[in-house]
Amino acid sequence: MCKGLAALPHTCLERAKEIKTKLGTLLQKPDSAIDLIIPYPEKPEKPAKAQKTSPDEALQWRESLEKLLQNAYGFASFRSFLRSEFSEENIEFWIACEEYKKIKSPTKMAEKAKKIYEEFIQMEAPKEVNIDHFTKAVTMKNLVEPSVSSFNEAQKRIFALMEKDSLPRFVRSEFYQGLIK
């Protein structure tokens, strides 16, 4: 009957691991006890190329995700942190939406919209982001005739999720604590 895990295709196993990780984050206790439940993986890689920021500037990042993303070193640090937690799909989606907004050609916009949808929004997408059914439906409706604002609602939801969930974890990380000292 059951041939075991070895009989499953590699992509199924990878997807199962991703789902397990996502479910694990839902089962975590709030804020203060989070480090006791799931210890952080190895320290994130130090961001390359961006000039290191001052402790005063880094302190401002805890106030606003927008400030963090506007700073090249902050952006690279945050992205590296998310990568170390295997949760970079949100920042990648946000980046893809920002790039999408810069496209002028309707043909290229439609191509990029399809790519973003297939990579981040459709069910079982390789980097599926966590958006509610209503937002997903609005986004799909917007993609019938792609425009610069097609992903606005989904991007706002993901930004809010990163601000509420990822940013506080980043601020508690050893890496960030080292930056503000």
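Which side chain does Lys 136 meet in a salt bridge? The partner is Glu 128, with 3.3 Å from N to O. Are these two residues buried or exposed? Lys 136 is buried, and Glu 128 is buried as well.

Before I go on, a reminder that this is a predicted model. The structure holds 11 salt bridges, and I will spend the rest of my time on the ones around Arg 169.

Start with Glu 85. Its side chain and that of Arg 169 meet in a salt bridge, 2.6 Å from N to O. Glu 85 sits in the loop between helix 5 (72-84) and helix 6 (89-101), whereas Arg 169 belongs to helix 9 (residues 152-172), so this pair ties together parts that are 84 residues apart in sequence. Both Glu 85 and Arg 169 are buried.

Arg 169 also forms a salt bridge with Asp 165, where the closest N and O atoms are 2.7 Å apart. Here both residues lie in helix 9, with their positions 4 residues apart in the numbering, about one turn of the helix.

How do Arg 169 and Asp 165 compare in burial? Arg 169 has 10% relative accessibility and therefore counts as buried, the cut-off for buried being under 20%. Asp 165, at 35% relative accessibility, counts as partly exposed.

Putting those pairs together, Glu 85, Asp 165 and Arg 169 are linked in a network of salt bridges. Within that network, Arg 169 pairs with Glu 85 from the loop after helix 5 and with Asp 165 from helix 9.

That is what I have on these salt bridges.

How values were computed
Residues numbered from 1 in each chain as written. Predicted model: local features only at pLDDT ≥ 70, side-chain atom pairs only at ≥ 80, totals over all residues. Heavy atoms only, no water. Salt bridge = Lys/Arg side-chain N within 4 Å of Asp/Glu carboxyl O. Helix = DSSP H or I, 4+ residues; strand = E, 2+ residues; numbered from the N terminus. Buried < 20%, exposed > 50% of the residue type's maximum accessible area, 1.4 Å probe, protein only.
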